[in-house]
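Visitor: I would like a close look at a single part of this model, with the rest brought in afterwards for context.

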Amino acid sequence: MSMENKVLSLRNVTMRYGVKTVLNGVNLEVERGQIIGYIGPNGAGKSTTVKIMLGLIKNYKGQVEIFGQDIASGDPSYKKRIGYVPEQAELYDNLTAMEYLAFTGELYGLNRKFAEEKAQKLMEEFDLGHVLHSRISSFSKGMKQKVLIISSLLHNPDLLFFDEPLSGLDANSMMVIREMLAQLAAQGKTIFYSSHIMDIVEKISNRIVLLVNGVVVADGSFEELQEKSEEGSLSGIFNQLTGFTDHASRAARFISIVEGGTDNE
Ligand SMILES: Nc1ncnc2c1ncn2[C@@H]1O[C@H](COP(=O)(O)OP(=O)(O)OP(=O)(O)O)[C@@H](O)[C@H]1O
């Protein structure tokens, strides 16, 4: 693997909050053009990993290199080549979509006019040309999500971190994004895709990394994971590798509590 092909490298990354170990020796080498489906149960440490790579958490142990540069070296220039769709974004609701996109474009060093022209074209592609100058507070969840996706891509980044990027999108828009991610990866962009929607992760990723309790417990293509686990679907593999087998009895207990007892008061 040549150096240029190596986009991300995590070596023995460990993160503790107080006495709680959230990441416990994570190792990951990611090459250009890969779409990594980064999955794991709630609280496994996925967002923590992404925040470390974005330079938002600094007191981790171990080494993180992005584009061959140790991110602890203090040079933040690597961030200009990154696009990020956070799971829960604080969009500036009082701004119009155009104002927001021009603002984020400028944060990434784009000339304002260039950012505005690009934002307009991308908004039109999402059928949002008519609300370009409307306040984001009036947008539906899916419309806000589209603005976030556009803002993550305006500066044509080489590495994308997408956290539950399709949430709120309708089936047609999902198809566009899925196809777009595949085409971006084919052009050499690298995508780090976190989601709980297993059937989409299964289809979209060419490599799946499963994190459980801060430890990588599976890493490979969907087909490789399938061979090892003998489960047909990614959600079956997920259940098996996270040791979760009691969904039916849990659901039954839940319903019996909902339906049970009498309310005499
Ligand atoms: N600032 C913090 N202080 C203390 N504990 C934290 C902090 N941030 C995260 N944690 C803990 O770290 C663990 C991992 O959290 P993280 O958000 O990385 O999980 P996740 O895999 O992204 O989960 P989800 O799928 O629910 O988004 C959780 O137990 C969480 O409570």
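Visitor: How many bridges join strand 4 to strand 5, and in which sense do they run?

Guide: In this predicted model, two bridges join strand 4 to strand 5, residues 69-70, and these strands run antiparallel. One of the pairings can be named by residue, since isoleucine 66 has glutamine 69 of strand 5 as its bridge partner. Strand 4 and strand 5 form a hairpin with two residues between the strands, and in this hairpin phenylalanine 67 adopts a positive phi near 50°. Strand 4, which covers residues 61-66, also pairs with strand 1, residues 6-17, in the antiparallel sense, here over five bridges. Within strand 4, valine 64 is the residue that stands opposite leucine 10. In a regular strand, the side chains alternate between the two faces of the sheet.

A hairpin of the same description, with two residues between its strands, is formed by strand 9 and strand 10, and there asparagine 213 in the turn has a positive phi of about 50°. Strand 9, residues 207-212, pairs with strand 10, residues 215-220, in the antiparallel sense over five bridges, and valine 212 has valine 215 in strand 10 as its bridge partner.

Turning from strands to helices, helix 2 spans residues 97-107, and its buried residues are Ala97, Tyr100, Leu101, Ala102, Thr104 and Gly105. The cover over these buried residues includes helix 3 (112-125) and helix 4 (141-153). Leu101 also has a place in the largest nonpolar core, which has 59 residues and in which Leu101 and Tyr193 are those with the most contacts. Once its neighbours within four places in sequence are left aside, leucine 101 is in contact with Ala115, Ala119, Val147, Ile150, Ser151 and Leu154. After helix 2 comes glycine 109, whose phi is positive, near 90°.

The remaining part to consider is the surroundings of the ligand, where the residues are Tyr17, Val22, Gly40, Asn42, Gly43, Ala44, Gly45, Lys46, Ser47 and Thr48. Helix 1, residues 46-53, gives the largest share of this shell, with three residues. Sorted by class, the shell around the ligand has three nonpolar, six polar and one charged residues.

Technical notes. Residues are numbered from 1 along each chain as its sequence is written. This is a predicted model: local features need pLDDT of at least 70, side-chain atom pairs count only at pLDDT 80 or more; totals for chains, interfaces and linings use all residues. A nonpolar core is a set of buried Ala, Val, Leu, Ile, Met, Phe, Trp, Tyr and Cys residues joined through C-beta atoms within 7 Å. A residue is buried if 20 or more other C-beta atoms lie within 10 Å of its own, exposed if 12 or fewer, and partly exposed in between; C-beta atoms are placed from the backbone. Two residues are in contact if their C-beta atoms, placed from the backbone, lie within 7 Å. Helices (H or I, at least four residues) and strands (E, at least two) are DSSP runs, numbered from the N terminus. Two strands pair if DSSP finds at least two bridges between them. A residue is near a molecule or strand if its C-beta atom, placed from the backbone, lies within 6 Å of it. Ala, Val, Leu, Ile, Met, Phe, Trp, Tyr, Cys and Pro count as nonpolar, Asp, Glu, Lys and Arg as charged, and the others, Gly among them, as polar.
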